[in-house]
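Student: I have the coordinates open and would like to go through a few structural labels. Could we check each against its definition?

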Amino acid sequence: MVSSSSCGSLLSSSSFFFITIESPLSLNPISPSLSLPSIRSSALPLTSSRSKGRQCLVRRMSVSGGDCSETAPSDMIFRPILENGVFRFDCSVEHRVTAFPSVSFKNSRDREAPFPSDNVPAYTPTYSFLEEQQVVTFQFSPGTSFYGTGEVGGQLERTGKRVFTWNTDAWGYGPGTTSLYQSHPWVLAVLPTGETLGVLADTTRKCEIDLRKEGVIRIIAPTSYPIITFGPFSTPTAVLQSLSHAVGTVFMPPKWALGYHQCRWSYMSDKRVAEIAQTFRDKKIPSDVIWMDIDYMDGFRCFTFDKERFPDPRALAKHLHDNGFKAIWMLDPGIKQEEGFDVYDSGSENGVWVKGADTQPFIGEVWPGPCVFPDYTNSKTRSWWANLVKDFISNGVDGIWNDMNEPAVFKVVTKTMPENNIHRGDDELGGVQYHSHYHNVYGMLMARSTYEGMELADKNKRPFVLTRAGFMGSQRYAATWTGDNLSTWEHLHMSISMVLQLGLSGQPLSGPDIGGFAGNATPRLFGRWMGVGAMFPFCRGHSEAGTDDHEPWSFGEECEEVCRAALKRRYQLLPHFYTLFYIAHTTGAPVAAPMFFADHKDSRLRTIENAFLLGSLLIHASTLSNQGSHEMQHILPRGTWLRFDFEDSHPDLPTLYLQGGSIIALGPPHLHVGESSLSDDLTLLVSLDENGKAVGLLFEDDGDGYGYTEGRCLITHYVAERQSSIVTVKILKTEGEWQRPKRRIHVQLLLGGGAMLDAWGMDGETIQIKMPSESEVSALISTSNERFTLHMENTKLIPEKEVLHGQKGMELSREPVELNSGDWKLNIVPWIGGRILSMTHVPSGVQWLHSRIDINGYEEYSGTEYRSAGCTEEYNVIERDLEHAGEDESLILEGDVGGGLVLRRKIAIPKDNPRVVRIASSIEARSVGAGSGGFSRLVCLRVHPTFCLMHPTESFVSFTSIDGKKHEVWPDSGEQLYEGNNRPHGEWMLVDKSLNLRLVNRFDISQVFKCVVHWDCGTVNLELWSEDRPVSRESPLKIEHEYEVTSFP
């Protein structure tokens, strides 16, 4: 903590804030030979009482020479690069020359070389400077829609949102979280005409992407960096294809990786893994992969196996392989600092660790305890890691999961390593730099090293790597997932947009943790999520330790049957999925795309979030608990879209449509990819357009290896055409060296309403279907529609059962109580301590609270002890008032905290001041025994909100104390207690300088006897304590306070 009254003496008497680093690092504390701006910084020791006194560094950095005013905007200079329609913009020729190399481009030289063209850009951005930041602005016409920005929560269309690219361990994120696990400084702008432009800010540094004004892209990052634009082109697909020529396409996954993956933190022994695998086979539920989370290791040491629980990984792998399963194992970047541990010893001998500011290996705490971290920016380190991976693969490992690679570090406010850590990067990546330069690419470079290690292990197999952290271009090396989501209907809905945004940012191989990672799904939520998740490019179920089992059979027979049907759908569609990935790998087209890709000129489609495309296949899903898919209003693109199913329609499964003019290939619903054969019957699903024509593509190869790159594959172009009453289906052309297998072809010609005509033949032959008369077709469609309607009406939704008392974890899928009025949207869970789970300021879109379901969020206690009575009990809703004329929107809750006491809380958004949310809490005596004189035990009302730090190094608490002193409390202060005249004088605030916002908390100073600030890993508590005394009916304890968000400064 530093107050203004003491700042002057600190600055005048010591080098506490401005540290001069002596030789040999000279003027540049990284490298004497590296030309960087002079750095001024503060390195402040942080001690947290809840982290056992461990110290860390919180760093604030700036380039000297700036002022606080923004310069006048000027047009950026440009030159064509790469291909027609691609332009590079810089602030000046000097900035162009001094810009850091590109890490996002697959070949950084492509960004530097001019492309011969006389074309000029359709849109030229302006630039200005604000302090040490370069501000770039694009202005488009009203009606322009924004997408992309990578891995982000919230809405699909991004207007009104702001994102900060800073890879962050973001457990339990929400729609307003501004930084998640990956960074994609990229915006896809779809103009009102349907033309589309892509904008890439090619910087690895923390970057603000501000889309809050309609038609305006504003990008702010440290100077200097180039802007790359792609287009405008006629379609969004054309933009993504052009982007892929710069940043590369997705690696071609092995076919088994497109099956279903089952994961858990953790399956604690090889026996449990075998049991899970066998249950899939016994229950005839398709699956291809079992995952091993971190507990398979010996004390969380990477590249080791627990000798008791996983004594023979090769034998386990053989058992799984014999039963048609692949095995994927986790590797984290944190290597246990322990002499005698061969990985640590080897890394130390080779000098591969990230260095601290003191040039010694940085030590940070993660799962094994104190850890060192490989410096993947250096080719020597990447080679060292790749060879470790190569040896690790010999244990029967089929794929590797890179987790915690933001990199995440425990027990520090920033949740990562200090920004002044030193990386000895390769020259082509940027050379020797601070961690602030390489933070966002650390995870991608780890995934690259892992991928290269798998290539070393077997050049005839395609690597499969999953990474949590990533950057623009990560798709070249790894798949990804959407991180530690929650078992809620909101996260189910949000998962669709998140998968689509990643695809629109160049990463098509992604999916969420089906069912939600944290919390307990209900049967309906899990089944519904499996129905949608089975249609995502990457399909994996995963759940957190301490929750109930989340396998497809864990929620009762009804849910199990829906999950089985959902996964059978996926496996029948695998030929289509595999073809889509071949197209994505070779052209850069997305696999899953928003519905507006079917008609980018139709503005109706641009905000639809519960439907998406897989090529010409349209998936319409319900993400509302009490609404089946058949009860939704299905908005469809213009043209022909014909509904179909696999005789498996269910209200909890998505509705499927095939676009007119399309043919897609289907296979049998095998239990795993290894069961499939080229001689299997092949089904062609045909949907004719208004001209009676359809086309389709099927890619086939060995499902692994690289033979397809040398022509060892079969690519078939099928066509269908109606002439008079005959529909002819045949092969238009083929590519590849493979001979056509001898197999039967089953043609299913869709008519509409689920009706279809069938014909059989041999693949390669011309197959003809005679069409019935128009009246007969109408009758078939009508009958099919009637059957579908009757079936759906008689099929009930999966039960939405409550979790029984005493089950593990906390169940979130009961609907929270929502207060939504004025500037605020709050979600409250009465059944878990009356806790406020989220507190979103609607105008800014910021979700201020951090909640881990059964802990944190906004809690209140009835004692001075942390987590004392009041924070876990089930509260009763006493009164619920919806906003209407002249009244507040409010909720009154009461929870029994024992001893005849209740904790009563009123949460209100007042009609006369909708900018604030007010909370009035009290501990009241209801049935205190006469023998106690009518007084309770000693109690204290302790208000304990846990607020998110979106930008930990740019956040602080500010207030003026009763004695008139001004205080700024920064994260480096640990925990601070204020009593007496040191208390805030009725108001204090949490300031986020990056967001230019402050959360103001006002309270009645006569009710508050202590104020506590406690900084933790990515969070801060601003606690209000009442006096500590007994209460009676006549003398309750009360704290009345309110929150408001205002601008800063």
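Tutor: Happily; we will take a pair of helices and then some strands.
This is a predicted model, where local features need pLDDT of at least 70, side-chain atom pairs count only at pLDDT 80 or more, and totals for chains, interfaces and linings use all residues. Residues are numbered from 1 along each chain as its sequence is written, and side-chain values use heavy atoms, with hydrogens and water left out.

Student: What makes α7 roughly antiparallel to α8?
Tutor: The axes of α7 (residues 342-350) and α8 (residues 379-393) cross at roughly 155 degrees and come within 11 Å. Angles over 145 degrees count as roughly antiparallel, so α7 and α8 earn that label.

Student: Which residues of α7 and α8 meet?
Tutor: With contact meaning heavy atoms within 4.5 Å, Val 343, Ser 346, Gly 347 and Asn 350 of α7 meet Lys 380, Trp 384 and Leu 388 of α8. By class, three of these residues are nonpolar, three polar and one charged.

Student: Why is strand β52 called mostly covered?
Tutor: Buried means under 20% relative accessible area (1.4 Å probe, protein chains only). Seven of the nine residues in β52 (residues 901-909) are buried, so "mostly covered" fits.

Student: How do you know that β52 pairs with β51 and β53?
Tutor: Two strands pair if DSSP finds at least two bridges between them. Nine bridges join β51 (residues 889-898) to β52, and eight join β52 to β53 (residues 916-925), so both count as pairs. Both pairings are antiparallel. Leu 903 is the bridge partner of Gly 895 and stands opposite Ile 923 in β53.

How values were computed. Buried < 20%, exposed > 50% of the residue type's maximum accessible area, 1.4 Å probe, protein only. Helix = DSSP H or I, 4+ residues; strand = E, 2+ residues; numbered from the N terminus. Axes fitted to C-alpha atoms, helices over the stretch in contact; angles between N-to-C directions. Parallel < 35°, antiparallel > 145°, perpendicular 65-115°, else oblique. Nonpolar A, V, L, I, M, F, W, Y, C, P; charged D, E, K, R; others polar.
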